[in-house]
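Here are some notes for a colleague who has the coordinates open, set out as numbered points. They move from the sheet to a single side chain and then to the enclosed and open spaces.

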Amino acid sequence: MLQPLVVGLGRSGSGLHLNTLVRLARRTAATGDPLVALPAVGCDPGAVDLPLRMPGEVTAVTTLEQALRYVDPATAVVHVCTPPRLRYDLLAELAGHGFRRMIVEKPLAASADELDALIRLRQEAGLDLVAVAHWITSRLAGRLRRMVGGGRLGSLRRITVDQHKPRFLRSLATDGHPSALDVEIPHSLALALDLAGPAELRAARCWDLRCEDRGLPRLGGAHVELEHRSGVVTLLRSDLGAPVRQRRVVCEFEGGTATAHFPLSEDDDHAQLVIAPFNRGTAAPPAGVLEADGVPGIGHHVFRDDALTDFLDGAYRGFASGAAGAGNFPLASATARLLCAAREHCAVTPRARAGSR
């Protein structure tokens with residue numbers, strides 16, 4: 001079994017990673033195939049003030065030196081959940097202490113230079129590094145991939161992703177993300193590259209988040225447009241001042257559409273997929289049925305999709321076999337490089353008015 005060390009106990013580290021790891025440890029232990037060794041160790045300068053509600057399953061420390069009293073680098077998996085601008089120095093420090101297995105929150109780096117440095121560090125230190133990409137490994141994404149590859153509705157032509165949510169409180173309380181490009185866009189960007197292949201940036205813009213008499217530059221939302229070498233065009237939209245939450249991916253094919261709805265939060269782990277042909281006369285199996293080759297049939301599919309738990313399960317099993325990050329890292333690097341290009345584009349482009357979508 002491998003023991004988790006979660007560095008950075010903000011929303012991602014404490015609210016998502018630690019809770020999911022404890023759930024995964026319980027689940028695998030109950031099946032007689034234990035995977036995660038508890039207690040997990042959470043490390044953050046403010047850990048003494050954090051309300052961790054898992055006594056016996058999580059140990060909180062405030063420094064990496066303290067963490068080393070509870071974890072052995074040879075049998076640990078480090079979850080790096082600090083803001084992007086703090087990533088490289090922390091990864092280098094962890095590597096210096098002998099840690100080799102690492103799961104890094106998105107995006108990998110805050111600049112192209114940092115990304116290049118991280119790639120060199122990974123090679124020189126022999127890091128088995130996995131970027132968080134649970135959208136890609138979700139059951140919903142798997143069904144979309146089968147639709148793209150199966151050709152049942154013809155060739156894929158366009159992808160539109162909407163990731164909207166009200167994010168006023170977190171944006172006002174923290175400064176970990178310099179722009180809306182770093183919040184939701186990395187998930188959808190990686191999914192677009194996975195479904196449609198390599199792409200070039202066509203356009204990117206951000207706008208300010210307005211709350212009463214205060215404005216936060218470039219945190220109101222973002223649009224990113226891509227042109228893939230395959231001919232597919234992608235539009236990514238994220239409004240962080242929206243009144244409602246939405247995680248929707250629309251794939252437009254020559255002969256119809258696939259509208260995918262990812263679970264909105266940890267409150268519910270069900271995904272939905274609606275397949276609609278342009279030719280309404282197309283014969284269809286009963287709604288929600290997968291056809292013989294695993295391609296979703298026409299209709300409305302609803303199914304469980306606990307993507308983060310399944311992602312961490314796969315990552316830990318990959319670490320145990322010694323090759324967890326081999327397939328994940330190239331896509332994560334390509335995603336980070338496109339994000340860097342989008343940041344550079346936004347830096348020289350006038351910001352849109354607050355609330356512009």
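1. Which residue in β6 does Val104 stand opposite? In this predicted model, the residue facing Val104 is Ala131 of β6. The strands β5 (residues 101-104) and β6 run parallel and are joined by four bridges.

2. That pairing belongs to an open sheet of six strands, whose order is β3-β2-β1-β4-β5-β6 and whose pairing is parallel. At the edges lie β3 (58-61) and β6 (128-131), each of which pairs on one side only. From one strand to the next, the twist averages 20°.

3. Ala131 deserves a second look, since the residue that stands opposite Val104 is also named among those closest to the centre of the second largest pocket, together with Val132, Ala133, Ala190 and Ala332. The volume of this pocket is about 240 Å³, and 20 residues line the pocket in total.

4. Three helices, α5 (134-137), α8 (185-196) and α10 (329-347), each supply at least two residues of the lining of the second largest pocket. The largest share comes from α10, which gives five residues.

5. Turning to strand β7 (residues 156-166), I would draw attention to Asp162, which is found there. Is Asp162 buried or exposed? Its relative accessibility is 2%, and because the cut-off for buried is under 20%, Asp162 counts as buried.

6. Which side chains make polar contacts with the side chain of Asp162? One is the side chain of His164, at 3.3 Å, and another is the side chain of Arg237, at 2.6 Å. When neighbours within four places in sequence are left aside, Asp162 is in contact with Arg237, Gln246, Arg247 and Arg248, so that Arg237 appears both in this list and as a polar partner of the Asp162 side chain.

7. Some of these residues recur around an enclosed space. The count comes to one cavity of 30 Å³ or more, and about 40 Å³ of space lies in the largest cavity. Its lining is made up of Gln163, His164, Lys165, Glu184, Arg245, Gln246, Arg247 and Leu264, and the elements that give two or more residues to this lining are β7 and β11 (241-253). His164, a polar partner of Asp162, is thus one of the lining residues, as are Gln246 and Arg247, which are both in contact with Asp162.

Methods. Residues are numbered from 1 along each chain as its sequence is written. This is a predicted model: local features need pLDDT of at least 70, side-chain atom pairs count only at pLDDT 80 or more; totals for chains, interfaces and linings use all residues. Side-chain values use heavy atoms; hydrogens and water are left out. Buried means under 20% relative accessible area, exposed over 50%, partly exposed in between (1.4 Å probe, protein chains only). A polar contact is a pair of N or O atoms within 3.5 Å; within protein, one must be able to donate a hydrogen and the other to accept it, and residues adjacent in sequence count only if both atoms are side-chain atoms. Contact means heavy atoms within 4.5 Å. Two strands pair if DSSP finds at least two bridges between them. Axes are lines fitted to C-alpha atoms, for helices over the stretch in contact, and angles run from 0 to 180 degrees between N-to-C directions. On a 1 Å grid over the protein atoms alone, a cavity is a set of points where a 1.4 Å probe fits but cannot get out, and a pocket is an open set with protein on both sides within 12 Å along at least five of seven lines; lining residues have an atom within 4 Å of a point. Grid points are joined across faces, edges and corners, and a volume is the space filled by probe spheres set on the points.
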